[in-house]
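Biologist: Please take a close look at one loop position in this model. I would like its surroundings described first, and then the chain and the interface around that position.

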Amino acid sequence: MSARASTGRRRRALLGSATDITAILLVIVALFAILDFDAFFTTANLTNVLISASLLIVMAVGATFVLVTGGVDLSVGSVLVFSGVVAGEVMKAMGGQGWGAALVGVAVSMAAGAAWGVVNGLVVTKLRVPPLIATLGSFGAAQGLAQVITNGNDLKDIPYELVDTLGVGRVAGVPWLVVVALAVALAGGLVLAVTRYGRRTYAIGSNAEAARRAGVSVDRHLVSVYTMAGLLAGLAGIMSYAQFGSTTLSGHATDNLAVIAAVVIGGTSLFGGVGTMFGTLVGTMIPAVLANGLVIVGLNSFWRDFAVGVVLVAAVYLDQLRRRARTAR
Amino acid sequence: MTALLEARGVTKRFGAVEALRGASFAVGEGEVVALMGDNGAGKSTLIKTICGVYAPDAGEIHFAGRPIAGMSPSAVHDLGIETVYQDLALAPDLDTAANLFLGRELLAPGLLGRLGVLAKKRMAARASQVLTDLKVAIKDPAAPVATLSGGQQQSVAVARAVTWADRLVIMDEPTAALGVPQTRAVLDLIRRVRDSGRSVVLISHSLPDVLAVSDRIEVLRLGRRVARLVTKDTDEAQIVGAMTGAWTQEEAA
């Protein structure tokens with residue numbers, strides 16, 4: 001009995017609600033490895049998978065916090081574009097090249113994203129607009145402003161220093177994009193799992209009124225969570241600009257749904273209170289692995305969207321089953 | 001007996017509705033006092049006024065000799081008064097220890113603590129100590145409290161209040177949603193809290209519970225105290241009479 005309880009506890013600490021989905025990812029990887037080991041299971045190809053997932057990972061880390069509070073952030077893709085555009089304009093005004101412009105660009109992009117996050121947080125907490133609508137509003141507004149600033153034309157001049165490092169550069173063979181994404185995920189995972197900030201994020205999503213009565217400043221915490229989500233979308237904005245050499249105005253309209261799907265597939269509950277960063281990482285990798293592997297085995301990559309849709313619904317169904325089993329006792 | 005908590009002549013209006021019309025209430029040290037009254041008698045309003053949720057329009061509230069009327073809820077907490085609300089106020093997805101320490105998390109020593117890292121082991125150990133002291137057996141303390149039975153959840157809520165209440169625990173209908181064995185467990189818990197030297201205010205509609213566990217009973221009717229009874233010297237008929245207005249103890253108000 002005690003042995004079973006302790007392994008149960010260990011599994012809960014490690015994977016939590018992400019146990020099933022981790023198995024699914026492993027099965028998918030194994031399947032592609034069996035079908036075409038030489039093309040799929042190479043360092044270069046798996047690195048490509050990680051690169052293609054890196055922007056989503058960064059945004060999904062923020063979205064995990066938001067969903068754990070029981071909220072949602074639909075604005076991330078537009079905030080990404082907006083932040084890249086603002087950073088691009090600032091770097092252009094600084095002469096367009098050099099380390100100075102590059103570093104200022106990174107800082108400005110993150111600040112611009114954080115600013116949208118503050119707006120989202122204040123609209124949700126002070127104006128009491130539901131997160132779905134508040135962030136749908138900023139989804140449209142941020143995209144619109146980005147178009148206004150650029151007059152609808154993508155910015156394309158970015159410091160080479162930024163492209164050569166963050167964009168396409170590598171450290172010890174690992175692309176910068178992947179290093180940054182995994183560092184963000186690790187930091188976010190630690191904050192969520194072991195700190196008071198993370199504990200209160202869960203508590204608010206689980207029962208905001210209980211947290212309030214226990215003396216947690218719920219509104220301030222929520223504003224900070226949306227601000228972090230915005231800041232990470234801003235970071236993804238400068239990463240995207242550096243990677244593609246363009247502000248990709250029209251390239252991120254469905255990022256928000258991709259991010260939410262990844263987080264939810266990873267076992268985070270839409271109702272809040274439940275979720276792990278490890279699960280989010282797994283949930284982000286499933287679409288990325290599918291997209292890559294399906295092409296390698298000769299299937300149309302459009303099947304990815306179909307498969308992700310199925311996995312998403314299955315993940316939420318599992319969450320419902322868990323909740324039902326829990327309340328039935 | 002010197003009163004630990006004493007409210008005198010408390011008035012509270014909500015618009016045209018006068019919820020408390022000069023209500024008085026007193027709890028001594030180490031005493032279990034049942035606060036009774038029909039629906040709308042003003043029990044919840046009185047408790048919320050004591051806890052700082054509402055500020056009284058008139059009247060005095062003293063706790064351990066200090067005036068506390070109009071203090072904020074957190075200031076009242078800091079005096080050692082905790083309330084167990086009717087709707088539990090637990091976070092169902094968090095485990096027992098996390099709920100006991102909700103809003104008062106212990107941090108790791110040194111640099112990690114300054115980074116906000118929790119002292120999870122220390123909290124788990126203290127939680128299990130508290131539960132052992134109160135003789136509350138939780139099947140799996142690392143499981144979310146939503147997986148516990150109603151009685152166990154109520155025990156966690158009570159344990160949480162007791163952990164932080166050095167002086168006074170207020171319980172709003174703690175047995176309303178419970179079956180017979182769970183109710184007995186909560187009543188035992190109330191006795192143990194009293195035996196540890198703390199005072200308890202029990203709001204309840206259940207006469208058997210009140211007769212079983214309380215030392216005294218104070219009855220409110222229409223926003224005013226209408227009876228102060230010593231439990232061992234009274235009976236159901238007298239209590240019901242006071243609640244319904246068939247009988248009023250003139251000196252109680």
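Modeller: A:Thr69 counts as buried, because its relative accessibility is 10% and the cut-off for buried is under 20%. The model is a predicted one, and that applies to every value here. In chain A, A:Thr69 lies in the loop between α4 (43–68) and α5 (76–93). Leaving aside residues up to four places away in sequence, A:Thr69 touches A:Thr201, A:Ile204, A:Gly205, A:Leu222, A:Val225 and A:Gly272. A:His221 can be placed relative to this loop position as well: its C-alpha is 9.5 Å from that of A:Thr69, while 152 residues separate the two in sequence.

The contacts of chain A as a whole can be set beside this. Among those between residues at least 6 apart in sequence, 79% join residues at least 24 apart. Chain A has 15 helices and 2 strands. Its radius of gyration is 20 Å, close to the 20 Å given by the globule rule for 329 residues, so chain A is as compact as a globular protein of that length. Along the principal axes, the C-alpha atoms of chain A fill a box of roughly 65 × 55 × 35 Å. Of the 329 residues, 52% count as buried, and A:Thr69 is one of the residues in the buried class.

As for the outside, the accessible surface of chain A comes to about 14200 Å², and 69% of it belongs to carbon and sulfur atoms. A:Val171, A:Val174, A:Trp176 and A:Val179 make a nonpolar surface patch of about 260 Å². Of these residues, A:Val171 sits in strand β1 (residues 170–171) of chain A. A:Val171 counts as partly exposed because its relative accessibility is 32%, and partly exposed covers the range between the 20% and 50% limits.

Chain A also meets chain B. The contact takes 23 residues from chain A and 27 residues from chain B. About 2300 Å² is buried between the two chains, with carbon and sulfur atoms giving 53% of that area. Across this interface the rule finds 1 salt bridge. The side chains of A:Arg200 and B:Glu105 meet in a salt bridge, with an N to O distance of 2.7 Å.

To return to the position you asked about: A:Thr69 is a buried residue in the loop between α4 and α5, and its contacts include A:Thr201 and A:Gly272.

Methods
Residues numbered from 1 in each chain as written. Chains lettered and ligands numbered in written order. Predicted model: local features only at pLDDT ≥ 70, side-chain atom pairs only at ≥ 80, totals over all residues. Heavy atoms only, no water. Patch = residues over 30% accessible without salt bridge, like charges linked within 9 Å, V, L, I, M, F, W, Y side chains within 5 Å. Areas by Shrake-Rupley, 256 points an atom, 1.4 Å probe, with all protein chains shown as cover. Salt bridge = Lys/Arg side-chain N within 4 Å of Asp/Glu carboxyl O. Helix = DSSP H or I, 4+ residues; strand = E, 2+ residues; numbered from the N terminus. Buried < 20%, exposed > 50% of the residue type's maximum accessible area, 1.4 Å probe, protein only. Rg over C-alpha atoms; globule rule 2.2 N^0.38 Å. Contact = heavy atoms within 4.5 Å. Buried area = accessible area lost by both parts, 1.4 Å probe.
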